[in-house]
Protein chains: 2
Amino acid sequence: MVRELTLAIDAMGGDAGPEAIIRGAAIARRRHPKVHFLIFGDEAVLKPLLAKHRALAAHAEIRHAADVVRMTEKPSQVIRRGRNSSLWHTIDTVAQGNADVAVSAGNTGALMAVSRYCIGAAEGISRPAIAVLWPTIRGQSVVLDVGANAGCDAEQLVDFAVMGEAFARTIFGIERPTVGILNIGEEEIKGVETVKRAAQILRDSELPMEFHGFVEGNDIGAGVVDVVVTDGFTGNIALKTAEGTARLVVHYLRQSLTRSFFGRIGALFARGALRALARKLDPRSGGVFLGLNGLVVKCHGGTDAHGFASAVDLAVEMAESDMIARITADRSGIKLGAAGHGEPDAAHTAPKIQAAAS
Amino acid sequence: MVRELTLAIDAMGGDAGPEAIIRGAAIARRRHPKVHFLIFGDEAVLKPLLAKHRALAAHAEIRHAADVVRMTEKPSQVIRRGRNSSLWHTIDTVAQGNADVAVSAGNTGALMAVSRYCIGAAEGISRPAIAVLWPTIRGQSVVLDVGANAGCDAEQLVDFAVMGEAFARTIFGIERPTVGILNIGEEEIKGVETVKRAAQILRDSELPMEFHGFVEGNDIGAGVVDVVVTDGFTGNIALKTAEGTARLVVHYLRQSLTRSFFGRIGALFARGALRALARKLDPRSGGVFLGLNGLVVKCHGGTDAHGFASAVDLAVEMAESDMIARITADRSGIKLGAAGHGEPDAAHTAPKIQAAAS
């Protein structure tokens with residue numbers, strides 16, 4: 001029997017507006033009949049919207065929040081002045097233990113700042129990260145960090161490896177996901193000391209992790225590893241470059257198809273296939289915040305109802321697993337492995353890891 | 001009348017072998033009848049290959065080089081032991097003033113190291129960079145650095161902006177190309193001080209440059225600016241991520257088209273359009289080394305004859321323009337602007353730029 005879950009939903013975040021979010025919750029509700037929804041936002045707006053979805057209304061409560069965090073607001077402003085916002089209340093409900101997981105399509109920076117402030121980081125993790133599910137030729141991979149931390153040291157990358165691996169086990173249901181660190185191919189160039197050191201720590205640790213070593217940018221889409229670890233600056237640029245490239249290829253394709261007579265006929269017949277392609281490339285559930293002492297799913301800001309429903313699916317899956325406990329256990333696993341079994345190199349890494357955890 | 005040019009060709013670099021390179025030179029020769037080719041490599045291999053292309057043979061000389069630099073060789077090894085290689089001789093010929101531009105499909109790291117060693121950096125440039133022409137929805141943009149320098153400071157990014165702008169003017173023939181620095185969207189995150197400072201220097205300088213400010217990963221493919229500036233680590237990962245994504249989208253497309261009956265009919269009719277798409281996504285001429293005291297074009301290692309011919313086109317275009325003189329003039333332009341016209345911030349940047357140039 002599946003335990004009943006409570007989801008906190010920020011109904012005011014994202015570009016599509018509360019109507020799309022309520023509709024998304026209604027879609028998700030049909031897939032997860034045991035889930036209870038707490039919906040945060042302007043009651044006057046939400047009440048008539050919820051009334052249109054009876055099945056959802058029977059398992060949902062509206063919790064009034066007067067303010068809305070704008071997509072352009074700075075995280076520090078939100079921390080100072082955002083306490084009456086739907087975003088804050090959604091996260092705080094998880095922090096108080098009144099919901100199992102939060103879902104918001106709102107301002108990413110603000111959502112991370114409020115999550116760190118209200119929920120806090122998991123034991124031993126200095127910096128939470130944002131992970132996404134990246135479509136690959138083999139299926140999907142986890143990529144993190146995609147924007148929470150621009151400047152990362154080696155220990156933080158090691159944390160990301162641990163968190164990403166636990167997430168991949170939960171989401172993909174595989175015993176030993178493979179992990180790679182994003183790097184560039186050229187030899188003997190300067191400035192990649194951080195990734196080299198992170199790789200060394202992972203090699204030396206006695207963590208039961210399938211550490212693959214380095215991967216390059218093209219290996220992400222090829223699905224060479226299950227988990228790709230990088231800092232938030234590089235990860236964010238890689239993610240957005242991939243989005244831009246997918247858009248470019250679809251643009252070329254449309255152009256090529258409409259230029260010739262046969263191309264236009266082909267496009268007509270291939271319509272269904274092209275729609276399936278567009279769906280596959282659609283940014284769906286968005287990101288997951290890893291390394292917090294609670295579960296937060298960030299839905300893509302430009303999402304529609306179906307995208308929001310996918311984010312709820314992911315939230316339910318994470319809440320049903322024991323992910324936070326797994327990350328904490330894995331992380332202490334490195335410390336024991338490195339400090340306990342004392343090969344020279346392994347022992348050498350222990351203080352570094354502990355420094356990161358302090 | 002176009003001045004006669006001499007091209008130095010490394011016939012032994014790349015995965016496709018000397019036969020493809022000679023064939024590529026023959027194709028390029030038809031497009032540039034005034035160009036003279038110096039072809040470096042194993043004479044015993046090259047002689048019979050060249051004999052097959054009479055028109056090229058009439059305008060080409062083979063220059064024997066006994067050794068070949070392997071694609072996996074480390075740059076430092078090549079500097080120590082590579083003096084008899086075709087790669088070294090090709091570059092050294094440009095350094096000696098016996099050719100106007102070098103083209104090689106060989107080991108990128110080695111090619112850059114030998115270029116810096118033999119040709120040297122242009123006046124005022126501390127670190128040469130590799131620039132590529134990136135296909136966009138609007139046409140093409142210049143992106144640099146894509147792999148020569150992993151750790152860049154703000155002054156180096158400013159150099160890249162100057163070099164990229166001069167290259168864009170030459171190649172695109174536009175008066176004032178727009179320039180953007182690659183960054184991430186999230187506000188108030190740490191670790192992007194370098195890009196912020198580079199942007200500040202460019203804003204404060206009195207360089208006649210259309211500086212757009214920051215761009216994000218998705219803006220590259222959208223063609224938001226003509227020149228995208230980034231460090232070699234991020235640029236290399238962005239470039240390879242884009243290649244991987246293009247491959248992924250084409251894979252999805254093929255899958256979608258073969259899954260349904262109508263999709264298969266559509267694919268049949270759209271064959272020509274799909275081939276045009278594949279051509280557009282093909283990595284073609286490769287990269288250009290900017291900031292050297294001479295011209296070097298790096299052709300993609302996996303190129304075929306047509307790709308090599310495109311690289312020669314680019315080499316000819318660069319040699320016919322006065323690009324190195326332009327970069328040097330532009331760069332001294334910043335120094336004068338910043339130091340001379342003395343607004344407080346502008347004056348403040350001058351020593352930094354000079355430090356980078358020293």
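How many residues does the contact take from chain B and from chain A? It takes 65 residues from chain B and 65 residues from chain A. Keep in mind as you look around that this is a predicted model.

Let's stay with chain B's side of that contact. Several helices of chain B each supply at least two residues to the side that touches chain A: helix 4 (75-81), helix 6 (108-118), helix 9 (217-222), helix 10 (232-259), helix 11 (261-269) and helix 12 (271-281). The largest share comes from helix 10 of chain B, with 23 residues. Sort the residues on this side by character and you get 30 nonpolar, 23 polar and twelve charged.

Now look for the sheet in chain B. Eleven strands make up an open sheet there, with mixed pairing, and their order is 3-2-1-4-11-10-5-6-9-7-8. Strand 3 (60-64) and strand 8 (210-215) of chain B sit at the edges with a single partner strand each, so one side of each has no neighbour in the sheet. On average, neighbouring strands of this sheet are turned by 25° against each other, if you ignore direction.

Strands of a sheet pair through backbone hydrogen bonds, in either a parallel or an antiparallel way. You can pick out one antiparallel pair in strand 5 (residues 129-135) and strand 10 (residues 287-290) of chain B, joined by four bridges. Within this pair, B:Ile130 stands opposite B:Phe289 in strand 10 of chain B. Helix 6 of chain B packs on the sheet, where it touches strand 4 (101-104), strand 10 and strand 11 (295-298) of chain B. The direction of helix 6 makes about 175° with that of strand 11 of chain B.

Next, a pair of helices. The axes of helix 1 (residues 18-31) and helix 13 (residues 305-320) of chain B come within 7 Å and cross at roughly 50°, which means helix 1 of chain B is oblique to helix 13 of chain B. The crossing is right-handed. Among the residues that meet here are B:Ala20, B:Ile21 and B:Ala28 from helix 1 of chain B, and B:Phe308 and B:Val312 from helix 13 of chain B. The residues of this contact divide into nine nonpolar, two polar and three charged.

One last stop: most peptide bonds are trans. In chain B, though, the bond joining B:Leu144 and B:Asp145 is cis, with omega about -5°. B:Asp145 lies in the loop between strand 6 (140-144) and helix 7 (154-172) of chain B. Over in chain A, the peptide bond from A:Leu144 to A:Asp145 is cis, with omega near 0°.

Note on methods
Residues numbered from 1 in each chain as written. Chains lettered and ligands numbered in written order. Predicted model: local features only at pLDDT ≥ 70, side-chain atom pairs only at ≥ 80, totals over all residues. Axes fitted to C-alpha atoms, helices over the stretch in contact; angles between N-to-C directions. Parallel < 35°, antiparallel > 145°, perpendicular 65-115°, else oblique. Left-handed = near helix turned anticlockwise from the far one by under 90°. Contact = placed C-beta atoms within 7 Å. Nonpolar A, V, L, I, M, F, W, Y, C, P; charged D, E, K, R; others polar. Pairing = 2+ DSSP bridges.
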